[in-house]
Amino acid sequence: PKPKAKAKGKAKAAKLPKRPARTVVEPTLTSADLDARIDARLARLHPDAEPAPLTTDLEYVRRLYLDVTGVPPTPEQVRAFVDSPEEDKRAKLVDELLDTPEHARNWARYWREVIEFRASNANRQQARYDVLEGWLAEQFEGNRPWDEIAAGLLTATGRTDENGAAGFIAAHASSPVQLAGEASRVFLGVQIQCAECHDHKTDSWTRQEFHELAAFFAGGRLRRVVKQQPGVRAAFAVETTPRARYTMPDLADPAKKIPVKPRFFLASSKSAVPDGLPPAQLRELAASYITGQDNPWFARSYVNRAWAVLMGESFYELIDDLGPERAIQGGEEILFPLADQWRAGGYDVRWLFRTLLNTRAYQRATRPSDPSAGDAQLAAACPSRLWSDQIFEALAVALDL
């Protein structure tokens, strides 16, 4: 039989814009290299500053356990470490603790709180942070690269009580505006959400650029799939619709809606995204722009957070307010090369932690970094508060619960 003629005017399926291929190059930056950069900075800017000595084994083992696993060491673990005559016992303990489920759970808790901190959806039955934390712990325990974890959170669908990754989108009820602001803050350290209603007051981000980012997250919804009944907990699912259409209010006439096409505000080439991409592909593309190796702020944001937690202070005034127009407080020659190496190396979380934990900078004694008292940044470990989870775990160990 004669083939049927194709329907005239049928639109061709849109193709995703070509993105740079992901490559992995073994990092060459070592813990000693980082220490050398810190020493050079101190010698140049604070020649009279006396760096703090290395902390004692007794202090070090407690610090390492709390930072890596979130749980203080038991008396038996402390005695075994302090009494060990091995010269490389600190490096060996770092490797041992990074390979534990407790390490994965500790940092899953950290990122759960980062995500939950500014959640716009107050309904915990919908977001299911407990399931999100479990999913994150599985990713960290398997040493899944950070770009893959972030992409999983940005593109997840399914029931939030079954797929923990869907908790990030559910935390904002699948709202494009909320997801745009939080995706930028959490994964890039760039607070573009201030440009939702007007051009940013302290950065150059425009209202148009904010809504172009939000357009990537159009076409999603959070739907109840199981009704609350006696003995049965309600369940919700993150879904995408067949098509995405995004508009922003006209400031001159709020009743009027202005169509907005998605475009990534940090891309070197701000070409428009092809029309007709379904919501699932738009989110996949947004994740590619956010986590791509051509975007340095994804790596810098994570490394800045890890450094702040381990060393007690951030390179920026606020831990989640970085960006090309934010002034770095000090250490550009330390943060940027470290983030670049981690980015080129495929976002290996354990490599980053191992490199930081084996520096002399991490192992120094603690003292406040107070310029008025003559103390220089990076010359000592800076004291920091325990997390609520760490306090709970410390009490559990101390009281033998």
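**A covered helix, two pockets and a few unusual residues**

Let me begin with helix α11, residues 207-214, which is mostly covered, since seven of its eight residues are buried. I should say at once that what we have on the screen is a predicted model, and everything that follows should be heard with that in mind. The buried residues of α11 are Arg207, Glu209, Phe210, His211, Glu212, Leu213 and Ala214, and what they pack against is α10 together with β4, the strand at 247-249.

Just ahead of that helix, in the loop between α10 and α11, we come to Thr202. At 55% relative accessibility, Thr202 counts as exposed, because the cut-off for that class is over 50%. What does Thr202 touch, once we leave aside its neighbours within four places in sequence? The answer is Glu325 and Arg326, and for Arg326 the separation along the chain is 124 residues, while the C-alpha to C-alpha distance is 9.2 Å.

Let me now step back to the chain as a whole. There are 17 helices and five strands, and the radius of gyration is 24 Å, close to the 21 Å that the globule rule gives for 401 residues, so the chain is as compact as a globular protein of that length. The C-alpha trace spans about 85 × 55 × 50 Å along its principal axes. Of the 401 residues, 51% are buried, and the accessible surface comes to about 19,700 Å², with 52% of that surface belonging to carbon and sulfur atoms. If we take the contacts between residues at least 6 apart in sequence, 70% of them join residues at least 24 apart.

One example of contacts made across the sequence comes from Ser31, in helix α1, which runs over residues 31-45. Ser31 has a relative accessible area of 13% and is therefore buried, the limit being under 20%. Apart from neighbours within four places in sequence, Ser31 is in contact with Arg354, Thr355, Asn358 and Thr359. As a reminder when looking at partners of this kind, an α-helix has 3.6 residues a turn, so residues three or four places apart point the same way.

I turn next to the open spaces. The largest pocket holds about 900 Å³ of space, and of the 32 residues that line this pocket, Ala308, Val309, Ser384, Arg385 and Trp387 lie nearest its centre. Which elements give two or more residues to that lining? They are α2 (57-69), α5 (101-117), α13 (296-311) and α17 (388-398), and it is α2 that gives the most, with five residues. Sorted by class, the lining of the largest pocket contains 15 nonpolar, seven polar and 10 charged residues.

The second largest pocket has a volume of about 300 Å³. Sixteen residues line the second largest pocket, and those closest to its centre are Ala244, Arg245, Pro262, Asp275 and Gly276. Here the lining divides into 11 nonpolar residues, one polar residue and four charged residues.

As for enclosed space, a search of the whole structure finds two cavities of 30 Å³ or more. The largest cavity has a volume of about 50 Å³, and its lining is made up of Trp307, Met311, Glu313, Ala361, Leu378, Ala380 and Ala381. How does that lining divide by class? Six of the residues are nonpolar, none is polar and one is charged.

Finally, I would draw your attention to two loop residues with backbone angles that deserve a look. Asn143, which sits in the loop between α7 (129-141) and α8 (146-155), has a phi near 50°, a positive value in a residue other than glycine. Ser174 likewise is not a glycine, and its phi is positive, at about 60°; this serine is placed in the loop between α9 (167-170) and α10 (176-188). Are these two residues buried or exposed, or something in between? With a relative accessibility of 24%, Asn143 counts as partly exposed, whereas Ser174, at 3% relative accessibility, counts as buried.

To close where I began, helix α11 has seven of its eight residues buried, with α10 and β4 as the elements those buried residues pack against. Thank you, and I am happy to go back to any of these regions on the screen.

Terms used. Residues are numbered from 1 along each chain as its sequence is written. This is a predicted model: local features need pLDDT of at least 70, side-chain atom pairs count only at pLDDT 80 or more; totals for chains, interfaces and linings use all residues. Side-chain values use heavy atoms; hydrogens and water are left out. On a 1 Å grid over the protein atoms alone, a cavity is a set of points where a 1.4 Å probe fits but cannot get out, and a pocket is an open set with protein on both sides within 12 Å along at least five of seven lines; lining residues have an atom within 4 Å of a point. Grid points are joined across faces, edges and corners, and a volume is the space filled by probe spheres set on the points. Ala, Val, Leu, Ile, Met, Phe, Trp, Tyr, Cys and Pro count as nonpolar, Asp, Glu, Lys and Arg as charged, and the others, Gly among them, as polar. Helices (H or I, at least four residues) and strands (E, at least two) are DSSP runs, numbered from the N terminus. The radius of gyration is taken over C-alpha atoms; the globule rule is 2.2 Å times the number of residues to the power 0.38. Buried means under 20% relative accessible area, exposed over 50%, partly exposed in between (1.4 Å probe, protein chains only). Contact means heavy atoms within 4.5 Å. Accessible areas come from the Shrake-Rupley method with a 1.4 Å probe; for residues, only the protein chains shown count as cover.
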